[in-house]
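Open the structure in your viewer and keep the selection tool ready. We will go stop by stop, and each stop tells you what to pick and what is there.

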Amino acid sequence: MTGPVVEARGLTRRFGAKTAVDALDLSIEPGVIYGFLGPNGCGKTTAMRLLTGLLTPSAGTARVLGTELPGKAEPLKRKIGYMTQSFSHYRDLTVAENMGFTAAVYGLRGRKARDRIGALSEEYGLADLRGQMAGSLSGGQKQRLALALAVMHRPQLLFLDEPTSAVDPESRRGFWEKLFDLVAEGASIVVSTHFMDEAERCHRLAILDRGRKRADGTPQDLMDALGATVLEVEGPDLRAARRRLGAGPDKRCRSGGGRDGIGPVRAAMRPPVQARSPWPATSAILRFRAIALVLISAVPEPIPPRRSAWNAFSPSRRS
Ligand SMILES: Nc1ncnc2c1ncn2[C@@H]1O[C@H](COP(=O)(O)OP(=O)(O)OP(=O)(O)O)[C@@H](O)[C@H]1O
Ligand SMILES: [Mg+2]
């Protein structure tokens, strides 16, 4: 397919007085992983439901894989996969039964269905869980099953709503390897996340805040637009480190000058600031909290370069 897989113009959804998605413009090219990043309630799920045709917009339009929305979304549903934020498959069916059911829904039968289910079971580590009730799977196992079910029919476009919220850091890396594999096979992916390390891995990102898109671009574009030096802060006591750095509630640190802003921050730290990648697990939470807030609060009003530093991260793609 040529042209964008998703185009939205002024897409808006109100619930009573609440505007969950507010005049959203989007253009998503094929073959990319496109991220929605933003805090709870900013409209990520609502935007996905609008783009999958599950929810009718209050205003605006979208074109998804050539299907005009609002409009008849049935043909679209065969071409997309949607992994919902909470597990939405049959908890009282086994893994194998869920897979068989989903295959049948998409018209896969007999040998074709068996082959596809077998391949997905291997690929997503579900082979040993085939006889287990889906409702009794661990959070990470449920998410693997949900992804396997979402890709059963080899959709061109996948919507994944916080797909790794219950997945440990190691498994999250594996999960993202799967997403890169799917893109290499020709799929396009829209994924929502709270995790900064995941946001960094997206080819492009939209930052949502109270229903509005505040910025979009590549992760590097967005970091550049901050006009600030972004640092990874690592240390045994990160709370104390933040106090020493004088970070305010938005985690902004005053560096007090310096060519790149790093020197003064380094001087303020005992032990000193280090920039390195990939992240050690101990600092991931600080990074996530810091950068999620930093990006969202900073984008409308970038800070002048070289006047501030942020206790944040050094980007790493595909660690
Ligand atoms: N069916 C609904 N009725 C009323 N309000 C709704 C409905 N769905 C969503 N909202 C409201 O719209 C806003 C956006 O919700 P949405 O679920 O899209 O956010 P989100 O970014 O996915 O949040 P989270 O990160 O917590 O999943 C929230 O304020 C929510 O309360
Ligand atoms: Mg949500």
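Select β2 (18-28) and α1 (44-51): each supplies at least two residues of the shell around ligand 1. Keep in mind that this is a predicted model. Which element gives the largest share of that shell? It is α1, with three residues.

Now show the whole shell. Ligand 1 is surrounded by Phe 15, Lys 18, Ala 20, Gly 38, Asn 40, Gly 41, Cys 42, Gly 43, Lys 44, Thr 45, Thr 46 and Gln 85. Colour these residues by type. You should get three nonpolar, seven polar and two charged.

**Next stop: helix α6**

Select residues 169-184, which form helix α6. How far apart are its end C-alpha atoms? They are 23 Å apart. The helix has 16 residues, and at 1.5 Å a residue it should span 22 Å, so the two values agree.

Pick out Arg 172, Trp 176, Leu 179 and Leu 182 in α6: these residues are buried. Look down the axis of α6. The buried residues fall within an arc of 110 degrees, so they line one face of the helix.

Now turn to the other side of α6. Are Glu 170, Glu 177, Asp 181 and Ala 184 buried or exposed? They are exposed.

What does the buried face meet? Add β3 (33-37), β7 (157-161), β8 (188-193) and α7 (196-201) to your selection, since the buried residues of α6 pack against these elements. Then step past the end of the helix. Gly 186 follows α6, and its phi is positive, near 115 degrees.

**Next stop: the nonpolar core**

Select Val 6, Leu 51, Leu 158, Phe 159, Ile 189 and Val 190. They have the most contacts inside the largest nonpolar core, which has 63 residues. Which helix gives the largest share of this core? Select residues 139-150: this is α5, and six residues of the core come from it.

Centre on Val 6. Leaving out residues up to four places away in sequence, Val 6 touches Leu 26, Ile 28, Leu 51, Ala 62, Val 64 and Val 190. Leu 51 and Val 190 also appear in the list of residues with the most contacts inside the core.

**Last stop: the whole chain**

Zoom out and show the protein chain as a cartoon. It has 11 helices and 13 strands. Of its 319 residues, 43% are buried. Finally, take the contacts in the chain with a separation of 6 or more: residues 24 or more positions apart account for 70% of them.

How values were computed
Residues numbered from 1 in each chain as written. Chains lettered and ligands numbered in written order. Predicted model: local features only at pLDDT ≥ 70, side-chain atom pairs only at ≥ 80, totals over all residues. Helix = DSSP H or I, 4+ residues; strand = E, 2+ residues; numbered from the N terminus. Expected span 1.5 Å × (residues − 1). Buried ≥ 20, exposed ≤ 12 C-beta atoms within 10 Å, placed from the backbone. Arc of directions from axis to C-beta. Contact = placed C-beta atoms within 7 Å. Near = placed C-beta within 6 Å. Nonpolar A, V, L, I, M, F, W, Y, C, P; charged D, E, K, R; others polar. Core = buried A, V, L, I, M, F, W, Y, C linked by C-beta atoms within 7 Å.
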